[in-house]
Amino acid sequence: MTRLRFYILLITVTLLSFCSLARAQYPEGEALFKRGDYAKAEAYYQSQLRQNPSNMTLRYRTGKCQLLQKHYEQAINTLEPLKKRSNTPKELYVMLGEAYFGCYRFAESVESYETYRSKGGEQDVTVPLRRSRQAVHMLESVDDIVVIDSTVVELDKILSVYRLAKEIGTLTKEPKDSVGLLTGCISGRNDHKIFAKNCDSTISLFESYGLLDGTWSTPTPLTGAVNTKDNQNFPFIHPDGVTLYFASDDPSGMGGYDIFRANNNGNGFLEPHNLGFPYNSTANDYLMVVDEYTGIGWFATDRRQPKGKVMVYTFVPNAVRVNVEGTEQERITRAQMKGYAVTEKTIETSSKSEETASISGEGFVIKDGLAYHSIQQFQSENAKQHFAQYQVAQQAMAQAESQLADLRKAYGTADEAQRKTIANQISILEQQLLSLRTTMKQEAKLTRNCEIEWLNTHQ
């Protein structure tokens with residue numbers, strides 16, 4: 001027997017003996033793990049590991065429990081020391097690849113998957129490796145958006161946060177399905193609808209057109225490259241009918257649902273483009289809406305949220321993508337949506353409705369001698385809708401002005417390298433404030449005109 005074969009046999013026997021011993025010694029932990037109770041299994045293995053910190057199997061199983069609970073940082077801290085062991089299972093590098101990815105340490109994720117391959121691992125890691133390589137590239141171009149609000153809401157009530165101008169269209173909740181929430185959108189002219197539909201357990205996007213008799217045409221699947229063997233849901237199309245946002249759980253994405261954009265060239269939708277960071281994450285991200293009329297956008301995510309809850313971010317979209325500047329860690333922070341000073345609100349089921357909400361200050365002046373102090377006072381439905389957009393723009397302006405003041409203060413104490421980044425952010429905010437002021441004036445004027453027209457007609 002050659003020396004190499006001897007060592008291979010020795011390592012194999014050692015691993016088999018060790019694993020057999022672990023099963024014999026830790027049946028309680030194994031039973032918890034098999035039941036899927038990873039939190040209790042982790043606690044059990046942790047208690048055993050404290051008594052025997054050099055035990056490789058205990059450390060491996062603890063890290064696996066942490067990984068399955070998506071406690072990525074903890075899993076990395078637990079598993080990394082095992083790389084120094086000569087008899088470490090190859091699967092460790094797959095686990096670390098996933099944990100690094102969950103922490104946005106994408107280059108290390110790539111390295112870990114490649115190490116697994118180089119060690120002759122039999123598991124196919126083509127998809128996660130490709131995903132990690134794509135994420136390395138995506139991290140170089142994180143869109144530098146201005147976030148003006150964030151709202152926590154139950155997934156089923158997500159549409160209540162989106163307040164679109166009438167000209168942009170309407171979001172719809174499609175008939176509830178066993179696969180979960182399905183949504184659609186109707187154009188501002190009420191003549192075109194795109195919606196998600198479950199077809200043999202795969203969600204695809206369909207479209208219908210408004211007919212002269214007030215009904216809709218027979219739904220047909222979207223033409224082009226949008227629909228695939230994976231799920232497509234949460235569509236929104238611009239009023240021009242060209243640009244479509246939707247979410248897909250295609251495995252080439254970052255994980256779960258990712259937000260994609262596809263353009264229609266007149267013969268169907270072209271190959272979709274992943275929006276990248278910060279819109280997408282390792283969690284579920286969906287329902288991107290950009291209201292070009294008011295200059296406000298929204299998207300939803302369940303990252304860092306309890307089951308059944310989502311965070312809806314309200315932001316000011318860039319006309320042209322502007323990349324976050326700074327260190328890799330700064331880009332990671334913004335990609336994770338952790339670098340924004342916004343106040344999180346939670347919409348409660350029992351909260352006061354929009355119809356009875358009061359208007360702060362001295363009220364909204366309709367004309368000389370007439371000011372409204374409650375949204376309920378509006379008589380014109382069109383006026384109500386324009387006033388809602390006026391309030392969105394007003395809130396966006398207040399948030400942007402607050403952020404601008406903070407940035408100007410930070411600029412005074414920053415070093416030369418930091419000042420370049422801050423100056424770029426200040427410039428973006430100043431341009432967006434100009435746009436928001438214009439939107440506010442337009443919406444205020446339209447609100448007054450619609451309400452006065454209604455009063456003149458009905459009084």
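How do the residues of the lining of the largest pocket divide into nonpolar, polar and charged? In this predicted model, the lining comprises 19 nonpolar, 16 polar and twelve charged residues. The volume of this largest pocket is about 1200 Å³. Its lining is made up of 47 residues, and those nearest the pocket centre are Lys70, Tyr72, Thr282, Ala283 and Arg303. Several helices and strands each supply at least two residues of this lining: helix 4 (56–68), helix 5 (72–79), helix 6 (91–102), strand 7, strand 13 (309–316) and helix 9 (328–335). Helix 6 gives the largest share, with four residues.

Strand 7, one of the elements that line the largest pocket, also belongs to an open sheet. Four strands form this sheet in the order 7-8-9-10, and their pairing is antiparallel. Strand 7 (232–237) and strand 10 (273–274) each have a single partner strand and stand at the edges, so one side of each lacks a neighbour in the sheet. Strand 10 is joined to strand 9 (residues 258–263) by two bridges, the two strands running antiparallel. Across this pair, arginine 261 is placed opposite histidine 273 of strand 10.

A helix pair was examined next. Helix 10 (residues 381–413) and helix 11 (residues 416–458) have axes that come within 8 Å and cross at roughly 160°. Because angles over 145 degrees count as roughly antiparallel, helix 10 is described as roughly antiparallel to helix 11. The crossing of these two helices is left-handed. In the contact of helix 10 with helix 11, 21 residues are nonpolar, nine are polar and seven are charged.

Enclosed space was also considered. The structure holds one cavity of 30 Å³ or more, and the volume of the largest cavity is about 30 Å³. Its lining consists of Ala165, Lys166, Glu167, Asn382, Gln385, His386 and Gln389. By class, this lining has one nonpolar, four polar and two charged residues. The nonpolar residue is Ala165, whereas the charged residues are Lys166 and Glu167. The polar residues of the cavity lining are Asn382, Gln385, His386 and Gln389, and these four lie within the range of helix 10 (residues 381–413).

Note on methods
Residues numbered from 1 in each chain as written. Predicted model: local features only at pLDDT ≥ 70, side-chain atom pairs only at ≥ 80, totals over all residues. Heavy atoms only, no water. 1 Å grid on protein atoms, 1.4 Å probe; cavity = no way out; pocket = protein on both sides within 12 Å on 5 of 7 lines; lining within 4 Å. Points joined across faces, edges and corners; volume = space filled by probe spheres on them. Pairing = 2+ DSSP bridges. Axes fitted to C-alpha atoms, helices over the stretch in contact; angles between N-to-C directions. Parallel < 35°, antiparallel > 145°, perpendicular 65-115°, else oblique. Left-handed = near helix turned anticlockwise from the far one by under 90°.
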